[in-house]
Amino acid sequence: MEENKQKKSGFVTLVGRPNVGKSTLMNHLIGQKIAITSNKPQTTRNRIQTVYTDERGQIIFLDTPGIHKAKNKLGEYMVNVAEHTLKEVDLVLWLVEPSTFIGAGERHIAEQLSGVKTPVILVINKIDQVKKQEEILTFIDAYKDICPFAEIVPLSALKDRNTDLLLELIFKYLPYGPQFYDEDTVTDQPMRQIAAELIREKALRLLDDEIPHGIAVTIEKMKERKGGIMDIEASIICEKESHKGIIIGKGGGMLKKIGTEARREIEQMLEMRVNLQLWVKVRREWRDSELYMKNYGYDAKDV
């Protein structure tokens, strides 16, 4: 009991508009890739829970989908996941890009945050893209009055600048208490889900811009066989026949490329050989079907 008083533990959520670097920051802080990243917005669809533990205590990070204007049921689900999380945590990290322009998206998030009692740290990410470092002060000045922030931290998740300072400040605001997970745990995500997300990440990176938002990935089979080989069968779900042709590619080339890149990363994660087989299925307008969404792991009842 005495040891618990010395350590801190709590839940921290990362919020922000799509593509501000939430998953990149979380992966960097825990030192392992769990959440997929992409230069396309709305990459994260579910709430992903990861764990950081050191001598100071334990932080449970919740990486949420970007808060944006929903265009379909999947979009509504993603926004609900993000906004619901604000009420469940000990601390909120709001990520923004370095800019003096505060658009409607940021103002909507500020409105959401003003309605919760949870302390908020503003994280101005991607400062490696700023040519003159004194400009950072103008970004801080632009944001400082939009919300009652506990702290404001300029950093670069990609270049590992000021991330240690952020960890220090997170522990400052967390309560004392027992650890929720053992020190070796880095995520509560099942391996099947991480494998599905890694396949989706490769598709996001390799496919044309209009297709990725309409795809989901399901793992049909994941079983280890003798000789230390993991057999995985997965389906890439898309909304149109024309998209199916693009995902498969000429002579199956694109699907093979997605499979090769995904297999390589899944093997690194599992530390074993992987036999990955991919199929492509068409499910028209699945993002507006609650039944399909539930089947693909996006259940509104879980929010």
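# A guided tour from a loop to a helix crossing

Begin by selecting Glu 271, which sits in the loop that runs between α9 (253-270) and β9 (273-282). The model on screen is a predicted one, and the stops below should be read with that in mind. With a relative accessibility of 73%, Glu 271 counts as exposed. Its backbone is also worth displaying, since the phi of Glu 271 is near 55°, a positive value in a residue other than glycine.

Next, go to Asp 160, in the loop between β6 and α6. Here too phi is positive in a residue that is not glycine, with a value near 60°. Asp 160 has a relative accessibility of 43% and therefore counts as partly exposed, because the exposed class begins over 50%.

**Strand β2**

Now select strand β2, residues 48-54, and within this strand pick out Thr 53. Thr 53 is partly exposed, at 23% relative accessibility. Once neighbours within four places in sequence are set aside, the residues in contact with Thr 53 are Gln 58, Gln 179 and Glu 183. Show the side chains of Thr 53 and Gln 58 together, and you will find a polar contact of 3.0 Å joining them. For Gln 179, draw a distance between C-alpha atoms instead: Thr 53 and Gln 179 are 126 residues apart along the chain, yet their C-alpha atoms are separated by 8.8 Å.

Move along to Asp 54, which also belongs to strand β2. At 14% relative accessibility, Asp 54 counts as buried. The side chain of Asp 54 makes a polar contact of 3.0 Å with the side chain of Tyr 52. With neighbours within four places in sequence again left aside, Asp 54 is in contact with Lys 7 and Phe 171.

**The aromatic pairs**

Tyr 52 and Phe 171, both just mentioned, lead to the aromatic rings. The model holds four aromatic pairs when ring centres within 6.5 Å are taken as the criterion. One of them is formed by Tyr 52 and Phe 171, a tilted pair with 6.4 Å from centre to centre and 55° between the planes. Tyr 52 is part of strand β2 whereas Phe 171 is part of helix α6 (residues 163-173), so this pair ties together parts that are 119 residues apart in sequence. Tyr 52 and Phe 171 are both buried.

Select Trp 94 and Phe 149 for another tilted pair, whose ring centres are 5.9 Å apart and whose planes meet at 40°. Trp 94 is in strand β4 (residues 91-96) and Phe 149 in the loop between α5 (135-143) and β6 (151-154), so the pair links parts 55 residues apart in sequence. Trp 94 is buried, at 0% relative accessibility, and Phe 149, at 15%, counts as buried as well. Add Tyr 143 to the selection, and you have one aromatic cluster made up of Trp 94, Tyr 143 and Phe 149.

A ring of another kind of interest is that of Tyr 176, where Lys 8 lies over the face, at 4.9 Å from the ring centre.

**Where α2 meets α6**

Return to helix α6 and display helix α2 (residues 22-30) with it: the axes of the two come within 11 Å and cross at roughly 80°. Which description fits this crossing, parallel or perpendicular? Since angles of 65 to 115 degrees count as roughly perpendicular, α2 and α6 are roughly perpendicular to each other. To see the residues that meet, select Leu 25, His 28 and Leu 29 in α2 together with Thr 163, Leu 166 and Leu 167 in α6.

Now colour α2 by accessibility. This helix is mostly covered, with seven of its nine residues buried; among them are Ser 23, Met 26, Asn 27 and Ile 30. Leu 25 and Leu 29, which take part in the meeting with α6, are also among the buried residues of α2.

Finish with Lys 22, found in the same helix α2. Lys 22 is buried, with a relative accessible area of 6%, and its side chain reaches the backbone oxygen of Gly 16 at 3.5 Å. At the other side of the helix, just after α2, Gly 31 takes a positive phi of about 75°.

Conventions. Residues numbered from 1 in each chain as written. Predicted model: local features only at pLDDT ≥ 70, side-chain atom pairs only at ≥ 80, totals over all residues. Heavy atoms only, no water. Helix = DSSP H or I, 4+ residues; strand = E, 2+ residues; numbered from the N terminus. Buried < 20%, exposed > 50% of the residue type's maximum accessible area, 1.4 Å probe, protein only. Contact = heavy atoms within 4.5 Å. Polar contact = N/O pair within 3.5 Å; in protein donor to acceptor, adjacent residues only side chain to side chain. Phe/Tyr/Trp six-rings, centres within 6.5 Å; stacked < 30°, edge-to-face > 60°. Lys NZ or Arg CZ within 6 Å of the ring centre and 35° of its normal. Axes fitted to C-alpha atoms, helices over the stretch in contact; angles between N-to-C directions. Parallel < 35°, antiparallel > 145°, perpendicular 65-115°, else oblique.
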